[in-house]
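Got your viewer open and cartoon mode on? Let's walk through a few strands and see who sits across from whom.

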Amino acid sequence: MKGRIFSVVGSMLLLTVCSKGNQSSAAPAASPTAAPTTAPAAPAASSAAGGTITGKVKFTGTAPRNPTIDMSEEAACKSKYKTTPTEENVVAGAANSLANVFVYVKSGVPAGQKFTPPTTPVVINQDGCRYHPHVFGIMVGQPFEIDNSDPVLHNIKAIARANRPFNVSQPSAGMKTTRPPFTAPEVMVNLECNVHGWMKAFLGVRPDPFYAVSKDDGSFTISGLPPGTYTIEAWHEKFGTQTATVTIAGTESKTANFTFAAH
Ligand SMILES: [Cu+2]
């Protein structure tokens, strides 16, 4: 039975904290469906191994309606939609699942541990006078590319505190701009368009690869975690933040679910 306590799968953390700054944590609870241990974790796991945290993000209450966007002055953008486009403040799926939540390891990664950023750029595309993606992550040191798929002027502005703010003007379709990498962790960098007030995106800059954005079904996966006890934060642009504490030993998988209260 030794090691069993570290092999619990499916432990759940259910939080209903809403406002920013509130914190709570819960010890993982044992699940009766815990998978049997096959082997003790290798003491020196490669970066591809490690533990996994998966979960789902939901909300309680009624999601606020996203404001419609009046694109009548940008016919080239407006023509890309069959119905009136909306902002993407709250992207809800079936069964109150919540997309566009940035989930990341806020603390617990040993200080001084370095992670090599990918050389492939993270790309944000301006298409239909909206940003794609709307919420996303990037590592410190990773290239950042800004594309314009619209035949209209966009001017993307990064509102950053830990990083250097910037302004990039892209007057025509097909333009691509590669920015110098971000230099410091920052959750979140706000991206806005100076021309179109409804255009907003949010970028989480992290020193490690331990982050994810919830999908339409609210699911997320963070993998490759070395053993440790981690504070996981879930950030949503309207509903604030929540945190959970998860302990990972070996190559196990743990569950951390988050439930926001819609307001
Ligand atoms: Cu724009």
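Before the first click, one bit of vocabulary: two strands count as paired if DSSP finds at least two bridges between them. Also keep in mind that you're looking at a predicted model.

Start by selecting residues 51-60, which make up strand 1. Is this strand mostly covered or mostly open? Mostly covered: seven of its ten residues are buried. Here, buried means that 20 or more other C-beta atoms lie within 10 Å of the residue's own.

Keep strand 1 on screen and add residues 219-225, strand 13. The two run antiparallel, with five bridges joining them. Now show side chains for Ile 53 and look across to strand 13: which residue stands opposite? That's Ile 222.

Stay on Ile 53 and bring in strand 16, residues 253-255. Strand 16 pairs with strand 1 in the parallel sense, over three bridges. Within strand 16, Lys 254 is the bridge partner of Ile 53. So much for that residue; next, add residues 258-261, strand 17. Four bridges link strand 17 to strand 1, again in the parallel sense. Click Thr 60 and you'll find its bridge partner in strand 17, Ala 261.

Last stop: hide all that and select residues 154-159 and 166-170, strands 7 and 8. How many residues lie between them in the hairpin they form? Six. The pairing is antiparallel and spans five bridges. To see one cross-strand pair, pick Lys 157, which has Asn 167 of strand 8 opposite.

Conventions: Residues are numbered from 1 along each chain as its sequence is written. This is a predicted model: local features need pLDDT of at least 70, side-chain atom pairs count only at pLDDT 80 or more; totals for chains, interfaces and linings use all residues. A residue is buried if 20 or more other C-beta atoms lie within 10 Å of its own, exposed if 12 or fewer, and partly exposed in between; C-beta atoms are placed from the backbone.
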